[in-house]
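Here are a few notes for a colleague who is opening this structure for the first time. They are numbered so that each can be checked in turn.

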Amino acid sequence: MNFKKILFSMLLAAGCLSASAQETETYETFNHHWFLQAQGGAQYTLGEVKFGKLISPNAQIAAGYQFTPVWGLRLAVNGWQSKAGSNLSTGKYYWKWNFITPTIDVNCDLTNWIGGYKKRLVGVGLIAGLGANIGFNNDEAMNTVHPQMQADHGFPAGSDVAYLRLLWDGTVARFTGRVGAYLDFHVHPRVDVGIEVTANTLKDSYNSKKAGNSDWYVNALAGLRINLGKVTKTVTKEKPDCGERIVEKIVEKPVEKIVEKIVYREPEKTASRAREQIRREIFFPIRGSQITDDDMQKINDIAAYIQKYPDAKVTVTAYADKGTGNAKLNKMYSQRRADVTRQMLLKKGVPASRITTIAKGDTEQPYPEDNDKNRVSICIAE
């Protein structure tokens, strides 16, 4: 009989190891990647003549890198045409010129910052950048408008004509800054269709007129963003192994009947053995607080334990990973994870008086060697 018991134990251990190796779950998370953009639209250069007279074509190409679900960096080249005008007593004057503006832009995805990374149809974000505006081909102002204003006003040739006191010729480079916003529609993991609006500021000489303040133009663009490489990666994590299943009673019978009863998770409390605690870990996506269908089984385990032992209580301790966000945001994320875990336990019939929640933020990292696993609620019932 002893030999049979030893043989059975070996077979049971081998089966548990096999089951443990298979009990894993996978989910997709963000993967850093390069991207390309091509956009076209219109520009409005601020001025005192009618709005429609100052609209001109505009285009932009860009290449960038998305470092995190929230932050990206791009090199954008914008340009085509700008327009200006003056409305004087003797008439209205209009002119146009060409420009090209390379900028370094920072992109901030607000939807992923606020709601955590997950697949969405729509994304909203902000843009800020610095660069240089290179203006050229200002011949209309130099050779047509300026002489005509001289003639209309009776100024002698070569005089400093009002409204064109900052007239420029050739190729002129000016510092420029931009801020704006974008709206993207994620039609495919590799393709976004979106619109972008940016306000750009330059020194007073941009439109050749002296106004005593910075010149501005606004670009409204629509186009495509092509994401290169893998935009998501698959993460695999292990479920609790077979060692958490407890055999309640083994009797000396033929091998096929040795196991009389297997309880769900935890052993009955007996006079000879104290009740053991139960621990379950519920993992979350980056900046997320949604419990997956697979992890709902862990909620069920805790609820079953609490219902089985009337004096048992559960402590839910939630964390956030240091690799994402800042201390303030991570405190908020961990609180959300603690709260949603508590709500799920309440729905499963666990009394509120038997639940304690703690939000640690990123002050502690239960998995210092694995950043992603620190987005977790650890539930210990005893």
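1. In this predicted model, the charged end of R174 is placed over the ring of W168, at 4.7 Å from the centre of that ring. A further case involves K373, whose charged end sits over the ring of Y367 at 5.3 Å from its centre.

2. Y367 also takes part in one of the 11 aromatic pairs that the structure holds. Its partner is F283, and the pair is tilted, with 6.3 Å from centre to centre and 45° between the planes. The two residues are 84 residues apart and so link distant parts of the chain, F283 belonging to strand β13 and Y367 to the loop between β15 and β16.

3. Are the two members of this pair buried or exposed? F283 counts as buried because its relative accessibility is 8%, under the 20% limit, whereas Y367, with a relative accessible area of 22%, is partly exposed.

4. A separate aromatic cluster is formed by W97, F99, Y206 and Y217.

5. Helix α5 covers residues 327-347, and for its 21 residues a rise of 1.5 Å a residue gives an expected span of 30 Å, which agrees with the 30 Å between its end C-alpha atoms. At the N-terminal end, N326 acts as a cap, with a side-chain oxygen 3.2 Å from the backbone nitrogen of K328, while just after the helix G349 adopts a positive phi of about 95°.

6. The buried residues of α5 include L329, Y333, R337 and L345. Among the elements that cover the buried residues of this helix are α2, α4, β14 and also β13, the strand that holds F283.

Methods. Residues numbered from 1 in each chain as written. Predicted model: local features only at pLDDT ≥ 70, side-chain atom pairs only at ≥ 80, totals over all residues. Heavy atoms only, no water. Helix = DSSP H or I, 4+ residues; strand = E, 2+ residues; numbered from the N terminus. Expected span 1.5 Å × (residues − 1). Buried < 20%, exposed > 50% of the residue type's maximum accessible area, 1.4 Å probe, protein only. Contact = heavy atoms within 4.5 Å. Polar contact = N/O pair within 3.5 Å; in protein donor to acceptor, adjacent residues only side chain to side chain. Phe/Tyr/Trp six-rings, centres within 6.5 Å; stacked < 30°, edge-to-face > 60°. Lys NZ or Arg CZ within 6 Å of the ring centre and 35° of its normal.
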